[in-house]
Amino acid sequence: VIPGFRDGVTGVARSMPTSTAVDRVAADLGIPCYETPTGWKFFGDLMDADLCSICGEESFGTGSNHVREKDGMWAVLSWLSIIAATKTSVKEILGKHWKRFGRSFYQRHDYEGVETESANKVIAQLLDKLPSLVGTSFAESSIKHADEFNYKDPVSGITSEHQGLRIFLSDGSRVVCRLSGTGTKGATIRLYHERYRKENFSEDINSVLKPLVDDTFKLLRIREICGLDKPTLIT
């Protein structure tokens, strides 16, 4: 967070699967933070209504209310402005940020080309389990809350349902499960793993995430239902 960042910012927004790191910054600065479904149109509604000035999603799309679209050049210029204002390196900026707000270790695991029937079964059986998960042990922590994400647009009033399944842990970590695409080559199961740490920020990301990844894999029964042992893509 740099001096003057709060000035002129009406709010920030992120897509639901995106890391919750921005939520902690927004809460500290007293800035409204909106969690939307995946899709840039939801950001557009917020920006048009002057509810949001900065937005971003986990697939690397970021932008601000200067244009109703993603803008990679704007993101680069924003980083250069931060470096110029703080007169420190990116590594130093991140270090100070994590010391103040903690770090979200984050990965997306895609299981691509899954038979549509099997992919739907994975989602359905997890949805059935959600109410019984609260209070159970998970990834060296415990499950605090679990739900299906539904979004009511504060501008249009339209509700978008079935936007993904969320599992929140008591230590601030989180797992999101979404189904994407049902084309001729099947569907993609997307798992978003986010483990929150207040210290030990330099640990290997795979080691930090392993308990979360392993327990999520077991919970979703991906091997039993889909016959898969590992994701086809990790980002």
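**Exercise 1. In which strand is the place of S15?** Then describe the surroundings of S15 and its partner T18.

Before we start, a few ground rules. The model is predicted, so local features need pLDDT of at least 70 and side-chain atom pairs count only at pLDDT 80 or more, while totals for chains, interfaces and linings use all residues. Residues are numbered from 1 along each chain as its sequence is written, and side-chain values use heavy atoms, with hydrogens and water left out.

*Solution.*

Step 1. S15 belongs to strand β1, residues 12-15. Helices (H or I, at least four residues) and strands (E, at least two) are DSSP runs, numbered from the N terminus.

Step 2. Next, look at accessibility. Buried means under 20% relative accessible area, exposed over 50%, and partly exposed in between, with a 1.4 Å probe and protein chains only. S15 has a relative accessibility of 1%, so it counts as buried.

Step 3. Now turn to T18, which sits in the loop between β1 and α1. Its relative accessibility is 13%, so T18 is buried.

Step 4. The side chains of S15 and T18 are joined by a polar contact of 2.6 Å. A polar contact is a pair of N or O atoms within 3.5 Å; within protein, one must be able to donate a hydrogen and the other to accept it, and residues adjacent in sequence count only if both atoms are side-chain atoms.

Step 5. Finally, list the contacts, where contact means heavy atoms within 4.5 Å. Leaving aside neighbours within four places in sequence, S15 is in contact with T36, P37, T38, F43, G56, E57 and E58. With neighbours within four places again left aside, T18 is in contact with G56, E57, E58, Y106 and R174.

**Exercise 2. Which residues of helix α2 are buried?** Find what they pack against, too.

*Solution.*

Step 1. Helix α2 covers residues 40-48, and its buried residues are W40, F42, F43, G44, L46 and M47.

Step 2. These buried residues pack against β1, β2 (33-36), β3, β4, β8 (151-152) and β9 (159-160).

Step 3. Go just past the end of α2, and you meet D50 with a positive phi of about 60°.

**Exercise 3. What volume does the largest pocket have?** Describe its lining as well.

*Solution.*

Step 1. The volume of the largest pocket is about 1,800 Å³. On a 1 Å grid over the protein atoms alone, a pocket is an open set of points where a 1.4 Å probe fits, with protein on both sides within 12 Å along at least five of seven lines; lining residues have an atom within 4 Å of a point. Grid points are joined across faces, edges and corners, and a volume is the space filled by probe spheres set on the points.

Step 2. The largest pocket is lined by 43 residues, and those closest to its centre are A21, V22, W79, I82 and H97.

Step 3. Elements giving two or more residues to this lining include α1 (21-29), α3 (72-86) and α4 (90-101).

Step 4. Sorted by class, the lining of the largest pocket holds 22 nonpolar, 13 polar and eight charged residues. Here Ala, Val, Leu, Ile, Met, Phe, Trp, Tyr, Cys and Pro count as nonpolar, Asp, Glu, Lys and Arg as charged, and the others, Gly among them, as polar.

**Exercise 4. Which residues line the second largest pocket?** Then examine I123 and H162.

*Solution.*

Step 1. The lining is made of N120, I123, L127, E148, H162, Q163, G164, L165, C177, R178 and L179. The second largest pocket has a volume of about 190 Å³.

Step 2. At least two lining residues each come from α5 (116-133) and β11 (174-183).

Step 3. I123 lies in helix α5. With a relative accessible area of 17%, I123 is buried. Not counting residues up to four places away in sequence, I123 touches L165, C177 and L179.

Step 4. H162 lies in the loop between β9 and β10 (165-169). Its relative accessible area is 58%, so H162 is exposed. H162 has a positive phi of about 55° although it is not a glycine.

**Exercise 5. How many helices and strands does the protein chain have?** Check its overall form, too.

*Solution.*

Step 1. The protein chain has seven helices and 13 strands.

Step 2. Its radius of gyration is 19 Å, close to the 18 Å that the globule rule gives for 235 residues, so the chain is as compact as a globular protein of that length. The radius is taken over C-alpha atoms, and the rule is 2.2 Å times the number of residues to the power 0.38.

Step 3. Of the 235 residues, 43% count as buried.
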